[in-house]
Amino acid sequence: MSNRSIAGVPLSYIGNRLFTFFLTVLIAASVIWIIPRLSPVDPAEAMLGRMAAGAGFVENADQILVDLRARFGLDEPLWKQYVVYLKNLMVFDFGVSVANFPTPVSQMLAAALPWTLGLMIFSVLIAFVIGNAAGAFMAWQETPRIWKIAIPAAMVFTSIPPILSGLLLMWLFAAQLEWFPLTGSYGLFETPGLNWEFILSVIRHGTLPALSIVVVTFGFWALGMRGLMTTVQSEDYVQLAKAKGLRPRYILYRYMIRNAILPQVTAFALKVGLLVTGQILVERIFSYNGMGKLIYDAILNQDFAVIQGASYIVILMTAASVLIVDLIYPFIDPRIRHGGGQ
Amino acid sequence: MADATGMGGVVSDADEKAARRRAKRLKRFDSPWMNPKLLTGAGIIVGILLFGLLGRFLWDPELVFIGSAPLNLPPVGFENLRGEPGSPAHPLGTQSSGRDMLALMIVGAPNTLFIGVIASLIGMTIGILLGFSAGFIGGRTDDVIRVLSDVMITIPPLMVLIVFQTSIGEIGILMMGVLLSGFMWQSPTRLIRAQVLSMRQSGYVRMAKLSGASTFDIMFKEMLPNLVPYLFGSFIAIATTAIVTAVGLETLGLGPQRVPTLGRVIYEAIDSAALLRNMWWWWGIPTALLATMFVGLLLVNLGLDEVANPKLRKV
């Protein structure tokens, strides 16, 4: 209960958030380590089986089994394996891919991550802006009637997972109308780099995946914003602003939205997990070069090291986003900073 | 007064009775539980359930088996790429391995709902127990439960389930629900804890305490009834999340493999390039059914929100 603080934010708050973050990552990492150990399948034997399936016959199978176990540390006691696993996680060492032997898993993840992050930031920002605008207009008294009907109608999609909207958009705009490419994240004949053709190609390929996420997520922000706006509307300062004769539009932007939007940022922390996994599924149907395709290919190839590494990275990403939101929030909302923390 | 005009008394009595009946009827429709969102949503969900339950008797569920019907037939009134017309024997068409789409929907839709209900029921039970303990006992117990639910709410269930499925393998529908419930207790726990904390300060709880009611009575007789709309809302919300996660897992080719679920049908459609072969009915029908289901669940949830939060009600 120290009173020390950074720019008004109590240190105990920051410490708390950091503790939760590390605990989340530790528990998640432990769970994805324990689960495969509950399986009756011996990974070394599985690997040998794969070899035998390819070659028909494997000489010195017993010796290879022993070697494989030693190579992957499977002959060590469990606690030692666990410690080594945690140590490797800290330097993002997930071993090598079985399907793309001997590419390190971390290298494959590093190639996929920018695509996923790029698509996510892009679609989340668009959904956030559209959603909050829609929510604000839904609650605002001066909104034209048509919008008050149109916006809630569009929000019916809120509850649909992005993979379903993705399928619909893909069928309509890629398979039927052929306005956008069906799959991939850039054209086959483009050379990745900072040239216009490549950038245009990336945008064209990214439009449908991003759109399928935006259509179904903006309603979440809109709903939250509507609730916050109805609370703000009855506040004294809004009444005063009206009494002063300020223009309604000015009141909407400067008085109402500015105050209502801040708690929306924290709603992101609750939603981020679903957003990330929803996007992974969208990437899988569009064969987008991100984590989704990586995970799906790994499932098909039973490439367990990749699945484990990718799961860890996705969980880390989610936990880190929550941590960042939690840490930034007191700085952007002075009410939290000076209101006693709770 | 009734003595003075004997007849009038009888008439006004009947009138009064009718008026009271009318008022009662109006009141029944005036109840927050009768709001249009809740009714529409519940109607949709009940409709899907009936479709699944009655469908088993009106249609042959054996048609879900591979090779039980001709291949790649379109729905009635359409033609597939080979120019074959749809046949009334398979009104919603068939897919590439000779399964009847209508039968797949009849068997698959209740399975998908069932997964959500199981996950939600178990999740709610854990949530109620933990939420009440955290709010009531406080102290260390509260700290542990709060941190644990904060931690678990961040971990995306899909990733852990992918790891589980790829290393353990094949699971059934019930097991799927049970696994999902491990990720569904956090939000009810937080919600109930917050409500219990605020209710503890309220007059009637203090009154009950002063009059010597046991902790159990206070929790389940005084507090729980007030939480009902929240509990229903939470139940629907986590059932939705569970179904979304289950469908996600199924579209990756994981999840229950031996029984048809809507997600599994979509997976097979994507996997067989149904989009390119223009077999829209294959992925489109389960997608539409799932979308209807989610819209129904959302409407129920919004309706319950109105019950719990009078501010949202329209005047």
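Before I turn to single residues, let me say that two residues are in contact here if their C-beta atoms, placed from the backbone, lie within 7 Å. What you see above is a predicted model, and I will start with one alanine in chain B.

That residue is A119(B), which lies in helix α3, residues 101-137, of chain B. Leaving aside residues up to four places away in sequence, A119(B) touches G177(B), L180(B), S181(B) and M184(B), and also A239(B) and A242(B). Is A119(B) buried or exposed? A residue counts as buried if 20 or more other C-beta atoms lie within 10 Å of its own, and A119(B) has 28 within that distance, so it is buried. As for T240(B), it sits 121 residues from A119(B) along the chain, and the C-alpha atoms of the two are separated by 9.9 Å.

Let me move on to helix α7 of chain B, which covers residues 186-200. With 15 residues at 1.5 Å a residue, α7 should span 21 Å, and its end C-alpha atoms are indeed 21 Å apart, so the two values agree. Several residues of α7(B) are buried, among them Q186(B), P188(B), R190(B), I192(B) and V196(B), and the buried residues of this helix pack against α3, α4 and α9 of chain B.

Finally, the interface: 36 residues of chain B are in contact with 43 residues of chain A. On the chain B side, α4 (139-154), α5 (157-168), α9 (215-251) and α11 (280-308) each supply at least two of the residues that touch chain A. That side of chain B divides into 26 nonpolar, eight polar and two charged residues.

Definitions and conventions:
Residues are numbered from 1 along each chain as its sequence is written. Chains are lettered from A and ligands numbered from 1 in the order in which they are written. This is a predicted model: local features need pLDDT of at least 70, side-chain atom pairs count only at pLDDT 80 or more; totals for chains, interfaces and linings use all residues. Helices (H or I, at least four residues) and strands (E, at least two) are DSSP runs, numbered from the N terminus. Ala, Val, Leu, Ile, Met, Phe, Trp, Tyr, Cys and Pro count as nonpolar, Asp, Glu, Lys and Arg as charged, and the others, Gly among them, as polar. A residue is buried if 20 or more other C-beta atoms lie within 10 Å of its own, exposed if 12 or fewer, and partly exposed in between; C-beta atoms are placed from the backbone. The expected span of a helix is 1.5 Å times one less than its number of residues.
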